[in-house]
Amino acid sequence: MIIEPRTRGFICTTAHPVGCAENVKTQIKYIQSKGQIEGPKKVLVIGSSTGFGLASRITSAFSSNAATIGVFFEKPPSEGRTASAGWYNTAAFEIEAHKKGLYAKSINGDAFSNEIKEKTLQLIKEDLGKIDLVIYSLASPVRTHPTTGIRHKSTLKPIGKSYTNKTVDFHTGEVKEVTIEPSVGEDIENTVTVMGGEDWQMWVNALQEADLLSENFKTVAYSYIGPKLTEAVYRKGTIGRAKDDLEKTAFSITDSLKNVNGNAYVSVNKALVTQSSSAIPVIPLYISLLYKVMKAEGLQEGCIEQIQRLFNTRLYLDEIPTDTKGRIRIDDWEMQANVQEQVAELWQQASTETLPVIGDLEGYTTEFFNLFGFKVEGVDYTKEVDEMVAIPGLRE
Ligand code: NAD
């Protein structure tokens, strides 16, 4: 079929298999250009099909020949209907990994459920024995709690009072004010239940109880801080509470890993266009200004550049550098004073008329479409493609 992008708000309901495969190959090439490291050998990536999780899986496999198991929640294709982008990304990743003789298998389902945890444990037992790294990179709007059966919804709301600021509709380029109403009822608790640390802890506990963690085991989850500009809706909002909880959980996981001399870390990453971040009001405008400044300063990175830097210059050093709260920081370039000062100044000037010049709206939109395999250089979108792509190592 001929596949075109079909967008609804901040989601795209179609994905292009060839474009997704090209994106994955570009990320692999980047990692290969950086050479090999003494990195992980047997890796589980939870949330491995897009964004930071996909970059983590690629980096593990192609910078230190790691065997990888990926867990994700993606839509398979059906005749005449495309799969979701993460499905095509995973198929392309596995094909490239297998070509190199690397072990790569995948599990598609709800990572919050006991069933998917058990399935994953079983696969590790059968094929890998013990693992030395778990990357926890889930971004989800909902979680059905495995013990209570209650379905919790996370929210992206300020706490205490409503918040008004500029935002951009990146499809039309219109800059306008939005007001986001504050959290009510159990919004905070629900967001913490979905995006906080409980599920990460449950995964590590389950792996440990099954004796599947090797000596010096590491686990990393991803967080975000960001500037004052986005604080009310992000770090001091409901999602920020979940990130506080995730960061706190790193310490309790480390405490529970004494018998294998293990460590849990949170890595604070940079703001990037991913399926999750485009859903947060205000953030797309911030990112389009940030990209403009970071590109001009020669500091711009995507997911793969970020994770390459995480592995090469943080996680696999003898001494892992952290901030005063024990967090690994790869948002250091985003948070540099000269970058933030410029973004804050541009923010004042941002309007529908000025944004195409003072911001990188085009970069934002292109990256958004790239997430789904569209607008990828060198891909002929007028050509018929087979939507029925299989993931070779998918565990049914
Ligand atoms: P993403 O949307 O690109 O990826 C999310 C992944 O989680 C996908 O692989 C998806 O399949 C998987 N997933 C979602 N629900 C699932 C479920 N129930 N079961 C199994 N898999 C499921 O997101 P991302 O932006 O790469 O975010 C990953 C992490 O990085 C999040 O914790 C996010 O807060 C953090 N982070 C993101 C940014 C950013 O700007 N995008 C910045 C810093 C930190």
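Student: What makes β9 and β10 a hairpin, and which residue in the turn has a positive phi?

Tutor: β9 and β10 have 4 residues between them, and Gly173 in the turn has a positive phi of about 80°. The model is predicted, with local features needing pLDDT of at least 70 and side-chain atom pairs pLDDT 80 or more, while totals for chains, interfaces and linings use all residues. Residues are numbered from 1 along each chain as its sequence is written, and side-chain values use heavy atoms, without hydrogens and water.

Student: Why are β9 and β10 called paired?

Tutor: Two strands pair if DSSP finds at least two bridges between them. Strands β9 (residues 163-169) and β10 (residues 174-180) run antiparallel and are joined by 7 bridges, so they meet that definition. Asp169 has Glu174 in β10 as its bridge partner. Strands here are DSSP runs of E, at least two residues, and helices runs of H or I, at least four, numbered from the N terminus.

Student: How do you know that the span of α9 agrees with its number of residues?

Tutor: The expected span is 1.5 Å times one less than the number of residues. For the 14 residues of α9 (residues 283-296) that gives 20 Å, and the end C-alpha atoms are 20 Å apart, so the two agree.

Student: What makes α9 mostly covered?

Tutor: Of its 14 residues, 11 are buried, meaning under 20% relative accessible area (exposed is over 50%, partly exposed in between; 1.4 Å probe, protein chains only). Among them are Ile283, Tyr286 and Met294.
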